[in-house]
Amino acid sequence: MLTTLTCKRHSLTLFAIILNQPRQVEALASLMTFKCAVVNVPFGGAKGGISIDPKKYSVIELEKITRRYAVELKKYGFLGPGVDVPAPDVGTGAREMSWICDTFSVLYGMEDVNAYACVTGKPITLGGVDGRTEATGLGVCYATKYFLSLTDECKRVGVTPELDGKTVIVQGFGNVGYHAAYFFEKFGAKVIGVVEYNGAVYNPKGLDIEALKAHMSTTGSLLGFSGATKEYPKEKAFELMEEECDLLVPAALEKAINRSNADKIKAKIVVEGANGPTTPYAEELLNKKGIIVLPDMLMNAGGVSVSYFEWLKNLSHVGFGRITRRWEEKGKQGFLQELKKAGVLIDDSGLSHETKSGASEKDLVYSGLEDTMCKGMQETVETARKLGVSYRIAAFVNALNKMEGTYRDAGFTI
């Protein structure tokens, strides 16, 4: 497995029956290496997990499994703030990360003041960072929005610029899919379809994403949602991915777009929110149809980017904005007062949060995430134009060039 920059990253604690092939884990590990390089995150990239179906275990059993997993990782040198830093993905969340953090800190924290930095994606109460939960989905939206703001590039590849008014279909309504849908809607796009493994819903006028999430949380299914004009049962759910839309966002598992459905895709742009959702053969078919594919190693890098921020927070032992927020707010308020003294009429009730308040931790995390995704997209687009290649190949080229530069400048010659 390749590693680059300053430390390795074990970025996936996976409880799922799909994790049953060693080469699958190796491929995901390599993808994480490239992903970190593409968005300039100083982690090496790695993957790992446990091959079980979490639905068949109680919470107490899952806790025991997770805590033992943490002990085994540490025993063999694969867990620690400067060694390997897990983060949640399929089948896990803040709960599992808190178990790992607690296990590590209780058993080894007396020897390491930075013990809480052993894992990211934690609850705020255990040193998590505000904004981590939605980071991957929000990063998908930031990168897509920036891409569509590049008028010349959109003209070059034959798509209409600007995100506002674009129609979106999201496949997968878990953490990534839900937050991608939520923020696409917030940024002015229209989410017309959502696909899950046990059903799909569609409304050409747009779905109310928060209401749909509440419905699914209550019933366990998308089906029966009152805001949908059309439903697809479990056996036909994936057919919704073949409806016309501007953006198709596969945000669940691998191989969602494959040789069996690629030629039926009618989206103008495929925005990869999941890892490996498009097979190589399927991408060839999409390219022949003129469908743009924005690659996973860039588009879903928001999670690892904010994990990096959380890691930095834990190492510095102070939350973002804690030292500067009040000073910044006083400066803005003082400036507004000076404008009023000069005779400028200002309606305080109409001022935005950004105009009159200091930046909170979430504000700073969102800002850093947006900058990270936009810079990664900018570099990818520039390379694609320069070499005349797809965005995926451009992202690989950028990642490999950065990795090669790291080894070269370090004098690594063996």
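This passage describes the overall build, the nonpolar cores and the salt bridges of a predicted model.

The protein contains 14 helices and nine strands. Its C-alpha atoms fill a box of roughly 70 × 55 × 50 Å along the principal axes. For a compact globule of 414 residues, a radius of gyration near 22 Å would be expected, and the protein agrees with this because its own value is 22 Å. Of the 414 residues, 51% are buried. The surface that the protein exposes amounts to about 19,400 Å², of which carbon and sulfur atoms supply 55%. Among contacts with a separation of 6 or more, 66% are made by residues 24 or more positions apart in sequence.

The interior was examined next. In soluble globular proteins, nonpolar side chains tend to be buried together. In this model the largest nonpolar core has 72 residues, and the members that touch the most others are Phe147, Phe173, Phe184, Val194, Ile269 and Leu294. Helix H4 gives the largest share of this core, with eight residues. Another core, of 22 residues, lies apart from it and includes Tyr202, Met241, Leu248 and Leu285.

Phe173 illustrates the surroundings of one of these core members. When neighbours within four places in sequence are left aside, the contacts of Phe173 include Tyr178, Ala181, Val194 and Val195. Also among the contacts of Phe173 are Ile209, Leu212, Met216 and Leu222, together with the residues Glu196 and Lys213.

A residue of helix H4 was also considered. Thr144 is located in this helix, which spans residues 135–149. Thr144 counts as buried because its relative accessibility is 1%, and the limit for a buried residue is under 20%. Outside its neighbours within four places in sequence, Thr144 is in contact with Phe184, Leu247, Val271 and Met299. One of these partners, Phe184, is also among the residues that touch the most other members of the largest core.

Charged side chains were treated separately. The count of salt bridges comes to 24. In one of them, Glu361 meets Lys313, with a distance of 3.2 Å from N to O. Glu361 belongs to helix H13 (residues 361–387) and Lys313 to helix H10 (residues 302–316), so this pair ties together parts that are 48 residues apart in sequence. Both Glu361 and Lys313 are buried.

A second salt bridge lies within a single helix. Lys332 and Glu328 are both in helix H11 (residues 325–341), where four residues, about one turn of the helix, separate them. The closest N and O atoms of Lys332 and Glu328 are 3.5 Å apart. Lys332 is partly exposed, its relative accessible area being 22%, and Glu328, at 31%, is partly exposed as well.

A third salt bridge joins the side chains of Glu96 and Arg95 at 2.7 Å from N to O. Here the two partners fall into separate classes of exposure. Glu96 is buried, because its relative accessible area of 4% is under the 20% limit. Arg95 has 38% relative accessibility and therefore counts as partly exposed.

Salt bridges also occur as a network in this model, linking Glu272, Glu283, Asp296 and Arg392.

Methods:
Residues are numbered from 1 along each chain as its sequence is written. This is a predicted model: local features need pLDDT of at least 70, side-chain atom pairs count only at pLDDT 80 or more; totals for chains, interfaces and linings use all residues. Side-chain values use heavy atoms; hydrogens and water are left out. Helices (H or I, at least four residues) and strands (E, at least two) are DSSP runs, numbered from the N terminus. Buried means under 20% relative accessible area, exposed over 50%, partly exposed in between (1.4 Å probe, protein chains only). Contact means heavy atoms within 4.5 Å. A salt bridge is a side-chain nitrogen of Lys or Arg within 4 Å of a carboxyl oxygen of Asp or Glu. A nonpolar core is a set of buried Ala, Val, Leu, Ile, Met, Phe, Trp, Tyr and Cys residues joined through side-chain atoms within 4.5 Å. The radius of gyration is taken over C-alpha atoms; the globule rule is 2.2 Å times the number of residues to the power 0.38. Accessible areas come from the Shrake-Rupley method with a 1.4 Å probe; for residues, only the protein chains shown count as cover.
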